[in-house]
Amino acid sequence: MDIKKVLVTGGAGFIGSHTAVELLNTGFELVVIDNFSNSEPWIIKQIESITQKKISFYQADVTNQLSIQDIFNKEKPDVVIHFAAYKSVGESVTKPLMYFQNNIDSLMVILSCMSQSNCKKLVFSSSCTIYGNNHPNPLIEDYAFSDLPHAYGSSKQICETILQKTTIANQFNIISLRYFNPIGAHPSGLLGELPKGTPNNIMPYITQVAIGKLPFLTIFGNDYPTPDGTCIRDYIHISDLAEAHVFSCKRLLTSNIAPPYEVFNLGTGTGVSVLELINHFETENNVKIPYKIGLRRPGDAVCTYANPEKSKKNLKWEAKRSIKEMVKDGWRWQLFIK
Ligand code: UFG
C-alpha cells in the first residue's frame, strides 16, 4: 500500500493523541485538527517527539465548515477519524443543547467536507454508552440502542444513525468504534490523559489521589449486585484502543468485502470491579489509595463488558495489554505531569 493520509479531528485529546502515535508509527501521513477546547498544544509536540515524525497541524473548530473545507481542499485526506466531541456525561445532562449542537454539527461538517472532497472513508468515535443499561452482558453489536437520560450518549446514537443512513447514498465506507473504558497511558510516560479540573473518570481520579493532589477516592456505591458490591467495567489500555483505529483505517483502505457501514466493540471482554481496579493499582505501583464509600452515582450501570468477538473476527484486532500494564502506565504518566 502506498503512503496514505489520515485526517484526525480532536487529535490532541486522550484517545486522539494515542491514535496519532500509532498511525505515525504504522507509516501513515497525519493531519490533525484540534481547537484545544479540552486539550493542550504541547500534546502535539509529545506525539512528534515519541514518533520522531511531523504532523500537519491545524488549530480549528470542527463546527466551522469554511475553515474545515479549506483544510480538506489543501490536504486531500484518504481517511478521516473523527474524535472531536464533547464527552462528559454529567455536563451533558445540564447542557443538552450544547452537546447536541456540537457533536452533531461537527459530524455534519465532516460528512459534508468529505463529500465535497471525494473522501469516502471515515472512522467514527462512538461509545458503549449507546447500549444503555438494559441488555445482558457481554454486550454485542446487534443490541438495539436504549433510551438514555443524557445528551452525550443520545448524541452518539444520533451520530451513528446519521452514518448508517448516509453511507450507501453517499458511497461512504464507515466504521463506528464503540469504546468501553479506556485507561492507562503511552508506555513511554510522555503521553496520557489531561482532565480539566477535578476528574470525573476513575483512573485520573485514582492517580491524582496517589500523587496527593486529591485526599481520597469516593467509591460510588458498594451495595451493587456484584461479587464485591462495586460496579464492573471493561477497562481497556489506551494503546490497544488506539491500535484498533489503525486496523480500521487499513480495513477501509484495503477491503473490498467490508460492508459499507460497520460497528465494532472495543473492549477486552473482561469485567473488573472498582475495588479490583484499586487493588491492581496499589499492588503494581506500591502506593496506597485512600478511599471512602459514597452514594451510588445516578445513572451508573451495574456492570458492562464487551463481547469482542466481532472485532477479533472482522477487524482482526484484539486487546493485548493487561490491567497491570494499564495501572502502571497510568501512574507513570501522572508522575510525569505531577
Ligand atoms: N467511579 C467511582 N468513583 C469515582 C469515579 C468513578 O467509584 O470518583 C466508578 C463509577 O461509579 C463506575 C466506574 O468507577 O463504576 C467507572 O466510572 P468512569 O466515570 O470512569 O466511567 P463510566 O463507565 O461511568 O463512563 C465511561 C465514559 C463515558 C461513557 C461510558 C460508557 O467516561 O464517556 O463509559 O459506559 F459514556
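## Report on a predicted protein chain

Leaving aside neighbours within four places in sequence, Lys 338 touches Ile 211 and Lys 213. The model described here is predicted. Lys 338 sits in the segment after helix 11. With a relative accessibility of 58%, Lys 338 counts as exposed, because the cut-off for exposed is over 50%. Between Lys 338 and Ser 67 there are 36 Å in space, C-alpha to C-alpha, and the two are 271 residues apart in sequence.

### The chain as a whole

The protein chain contains 11 helices and 13 strands. Its radius of gyration is 19 Å, close to the 20 Å that the globule rule gives for 338 residues, so the chain is as compact as a globular protein of that length. Taken along the principal axes, the C-alpha atoms fill a box of roughly 55 × 40 × 40 Å. Of the 338 residues in the chain, 56% are buried. Contacts between residues at least 6 apart in sequence can also be sorted by separation: 80% of them join residues at least 24 apart.

### Helix 7 and its cover

How many of the residues of helix 7 are buried? Helix 7 spans residues 202–210, and 9 of its 9 residues are buried, so described because each has under 20% relative accessible area. These residues are Ile 202, Met 203, Pro 204, Tyr 205, Ile 206, Thr 207, Gln 208, Val 209 and Ala 210. The cover over them includes three strands and two helices: strand 7 (181–183), strand 8 (217–220), strand 10 (235–237), helix 9 (274–285) and helix 11. Just after helix 7, Gly 212 has a positive phi of about 95 degrees.

### Two packings of helix 11

Two packed helices are described by the angle between their axes and the distance between the axes. Helix 11 (residues 323–337) packs with helix 2 (residues 42–51), and helix 11 also packs with helix 7. The table lists both pairs.

| Helix pair | Angle between axes | Distance between axes |
|---|---|---|
| Helix 2 and helix 11 | about 120 degrees | 15 Å |
| Helix 7 and helix 11 | about 55 degrees | 10 Å |

Helix 2 and helix 11 are oblique to each other, because their angle of about 120 degrees lies outside the ranges for roughly parallel, roughly antiparallel and roughly perpendicular. Their crossing is right-handed. On the side of helix 2 the contact is made by Trp 42, Ile 43 and Gln 46, and on the side of helix 11 by Trp 333, Phe 336 and Ile 337. By class, this contact has 5 nonpolar residues, 1 polar residue and no charged residues.

Helix 7 and helix 11 are likewise oblique to each other. Helix 7 passes helix 11 in a right-handed crossing. Met 203, Pro 204, Thr 207, Gln 208 and Ala 210 of helix 7 meet Met 326, Val 327, Gly 330, Trp 331 and Gln 334 of helix 11. By class, the contact between helix 7 and helix 11 has 6 nonpolar, 4 polar and no charged residues.

### A buried serine

Is Ser 17 buried or exposed? Ser 17 is found in helix 1 (residues 14–26). Its relative accessible area is 1%, so Ser 17 is buried. Apart from neighbours within four places in sequence, Ser 17 is in contact with Gly 11, Ala 12, Ile 43, Ile 47 and Leu 191. One of these, Ile 43, also takes part in the contact of helix 2 with helix 11.

### Backbone details in loops

Most residues other than glycine have a negative phi, and most peptide bonds are trans. Which residues are joined by a cis peptide bond? They are Asn 137 and Pro 138, with omega of about -5 degrees. Pro 138 lies in the loop between strand 5 (121–127) and helix 6 (151–166).

Gln 52 is not a glycine, yet it has a positive phi of about 55 degrees. Gln 52 lies in the loop between helix 2 and strand 3 (56–59). With 69% relative accessibility, Gln 52 counts as exposed.

Lys 76, another residue other than glycine, has a positive phi near 45 degrees. Lys 76 is placed in the loop between helix 3 (65–75) and strand 4 (79–82). The relative accessible area of Lys 76 is 60%, so this residue is exposed.

Terms used:
Residues are numbered from 1 along each chain as its sequence is written. This is a predicted model: local features need pLDDT of at least 70, side-chain atom pairs count only at pLDDT 80 or more; totals for chains, interfaces and linings use all residues. Side-chain values use heavy atoms; hydrogens and water are left out. Axes are lines fitted to C-alpha atoms, for helices over the stretch in contact, and angles run from 0 to 180 degrees between N-to-C directions. Helices (H or I, at least four residues) and strands (E, at least two) are DSSP runs, numbered from the N terminus. Angles under 35 degrees count as roughly parallel, over 145 as roughly antiparallel, 65 to 115 as roughly perpendicular and the rest as oblique. A crossing is left-handed if the near helix is turned anticlockwise from the far one by less than a right angle, and right-handed if clockwise. Contact means heavy atoms within 4.5 Å. Ala, Val, Leu, Ile, Met, Phe, Trp, Tyr, Cys and Pro count as nonpolar, Asp, Glu, Lys and Arg as charged, and the others, Gly among them, as polar. Buried means under 20% relative accessible area, exposed over 50%, partly exposed in between (1.4 Å probe, protein chains only). The radius of gyration is taken over C-alpha atoms; the globule rule is 2.2 Å times the number of residues to the power 0.38.
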